[in-house]
Amino acid sequence: MAKAKSSLSSVVSNSLKGGFDLNNFKASKFLNKNSKFKDQQWIPFSKALQDALSVPGIPEGHITIVRGGSDTGKTTLVLETAIEAQKKGILPVFIITEMKWNWEHPVKMGFELVEIPDPETGEIINYEGFFMYVDRSSLDTIEGVAEFIGDLLNEQGKGNLPYDLLFIWDSVGSIPCKMSVEQGKNNPMWNAGAMATQFGNFINQRFPMSRKFGTPYTNSFLVINKTGVQPPEGPMGRPKMTNKGGNAMYWDASLVITFGNITNSGTSKIKAVKNKKNVEFAKRTKIAVDKNHINGVQTTSTVIATAHGFIPDTPNAVDKYKKLYSGEWFNDGEKGEITTIEDNSEWEEPKTFNPVLVDVEDD
């Protein structure tokens with residue numbers, strides 16, 4: 001007959017009978033107050049993205065990676081998150097090293113800022129508001145980004161920055177390490193080593209630590225990770241997506257969201273046509289949760305990205321969006337029917353691998 005398992009209460013009771021108190025031993029080693037984490041909170045996604053991914057949003061107190069090809073919807077996700085962070089009183093900190101940034105897009109989506117004009121010319125010369133912004137003009141190395149993040153976390157710890165923080169880095173893999181700069185060549189192995197040293201061994205661990213019960217602030221890290229393609233290892237193999245800058249960030253991330261395909265964008269362009277005028281107003285994109293250490297759910301779906309955020313991948317949603325904004329694309333007084341066409345040329349993975357697409361990082 002199998003031996004019955006002892007209940008937890010009976011184990012504790014028996015240890016007390018034997019004169020040993022486990023709780024007292026834990027207290028003697030200062031191990032009695034350090035096991036609780038805060039309840040999991042989220043910076044919410046739009047409903048369309050929640051439905052596509054079956055994930056509530058960006059998990060607070062974690063590292064989240066958004067990766068995929070160019071122009072697939074990554075920035076739209078980042079901006080939706082920054083807008084929701086503002087609403088929750090979480091301070092967005094933009095670290096823009098890709099240098100494709102413009103403020104018109106986030107403002108169109110609902111990001112709040114104040115335009116600062118030149119007192120003499122009236123020309124807008126800066127933006128202020130509930131956010132921080134820094135770019136490659138002052139942070140041009142991996143070490144510089146790590147130092148910047150560490151400094152703000154230290155200031156927060158001193159009480160000089162009394163907010164939960166959301167760091168947004170666009171993008172990992174876009175800048176070299178200090179050694180690459182000093183030696184005058186962009187060495188992928190050096191860059192990956194710097195990412196592992198600066199982030200994997202130090203900075204990244206500070207985000208989950210902010211989840212511990214009793215810590216005053218919860219800090220999150222949302223990064224866009226540039227990607228490359230690794231060729232198949234054999235005739236029957238398949239190409240794999242690689243993470244520029246090495247895998248240190250991927251290993252430490254709790255949530256990884258991938259847009260598009262491996263060897264092409266995995267999008268289809270949705271266009272409106274009126275009197276031979278052609279306007280691309282949305283993209284259908286493949287989207288997947290490739291890693292989920294929050295609740296374990298991994299999903300693959302599609303969603304439609306627009307200049308105003310994500311909408312569901314349904315004909316009704318597309319028609320509604322088109323009717324709402326087509327006045328900005330066409331002259332409403334001009335006669336002519338607006339029709340919708342779709343370009344699916346980048347939707348499917350190529351059947352054969354094109355070596356020209358290879359862009360591999362040595363990790």
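Residues count as buried under 20% relative accessible area, as exposed over 50%, and as partly exposed in between. With that in hand, Phe25 is easy to place: its relative accessibility is 42%, so it counts as partly exposed. Phe20 goes into the partly exposed class too, because its relative accessible area is 41%. These two rings belong together in this predicted model: Phe20 and Phe25 make a tilted aromatic pair, with 6.3 Å from centre to centre and 45° between the planes.

Stepping back to the whole chain, the secondary structure comes to eleven helices and 17 strands. The C-alpha trace spans about 90 × 70 × 45 Å along its principal axes. Of the 363 residues, 44% are buried. Among contacts with a separation of 6 or more, 69% are between residues 24 or more positions apart.

Now for the interior. In soluble globular proteins, nonpolar side chains tend to be buried together. Here the largest nonpolar core has 37 residues, and Leu77 and Phe94 are the ones with the most contacts inside it. Helix α4 (residues 74-88) gives the most to this core, contributing six residues. Leaving aside residues up to four places away in sequence, Leu77 touches Phe45, Leu49, Ile58, Val66, Ile257, Phe259 and Phe310. Another core, of 32 residues, lies apart from that one and has Ile142, Val172, Ile175 and Met249 among its members.

Back to the rings: the aromatic pairs come to 23. Besides Phe20 and Phe25, a tilted pair is formed by Trp103 and Tyr127, at 5.7 Å centre to centre and with 40° between the planes. Trp103 sits in the loop between β4 (91-96) and α5 (104-109), while Tyr127 is in strand β6 (residues 124-128), so this pair ties together parts 24 residues apart in sequence. The two partners fall on either side of the burial cut-off: Trp103 is buried because its relative accessible area is 11%, whereas Tyr127, with 23%, is partly exposed. Both are members of one aromatic cluster, made up of Phe94, Trp101, Trp103, Phe111, Tyr127, Phe131 and Tyr133. Phe94 thus turns up twice, in this cluster and as one of the residues with the most contacts in the largest nonpolar core.

Two lysines have their charged ends over rings. Lys36 does this with Phe213, at 5.3 Å from the ring centre, and Lys286 with Trp347, at 4.9 Å from the ring centre.

Helix α11 (residues 315-329) is worth a look of its own. Its 15 residues reach 20 Å from the first C-alpha to the last, close to the 21 Å expected at 1.5 Å a residue. Even so, α11 bends by about 40° at Lys323. An α-helix has 3.6 residues a turn, so residues three or four places apart point the same way. The buried residues of α11 are Ala317, Val318, Tyr321, Lys322, Tyr325, Ser326 and Trp329. What they pack against is a set of strands: β13 (267-274), β14 (277-292), β15 (300-306), β16 (309-311) and β17 (339-343).

Finally, there is Tyr217, found in the loop between α9 (206-209) and β9 (220-225). The C-alpha atoms of Tyr217 and Tyr163 are separated by 6.8 Å, although these residues are 54 apart along the chain. Tyr163 is also one of the residues that Tyr217 touches, along with Lys38, Gln156, Pro162, Asp164 and Ser210, not counting residues up to four places away in sequence.

Note on methods. Residues numbered from 1 in each chain as written. Predicted model: local features only at pLDDT ≥ 70, side-chain atom pairs only at ≥ 80, totals over all residues. Heavy atoms only, no water. Helix = DSSP H or I, 4+ residues; strand = E, 2+ residues; numbered from the N terminus. Contact = heavy atoms within 4.5 Å. Core = buried A, V, L, I, M, F, W, Y, C linked by side-chain atoms within 4.5 Å. Buried < 20%, exposed > 50% of the residue type's maximum accessible area, 1.4 Å probe, protein only. Expected span 1.5 Å × (residues − 1). Bend = angle between axes of the 7 residues up to and from the residue. Phe/Tyr/Trp six-rings, centres within 6.5 Å; stacked < 30°, edge-to-face > 60°. Lys NZ or Arg CZ within 6 Å of the ring centre and 35° of its normal.
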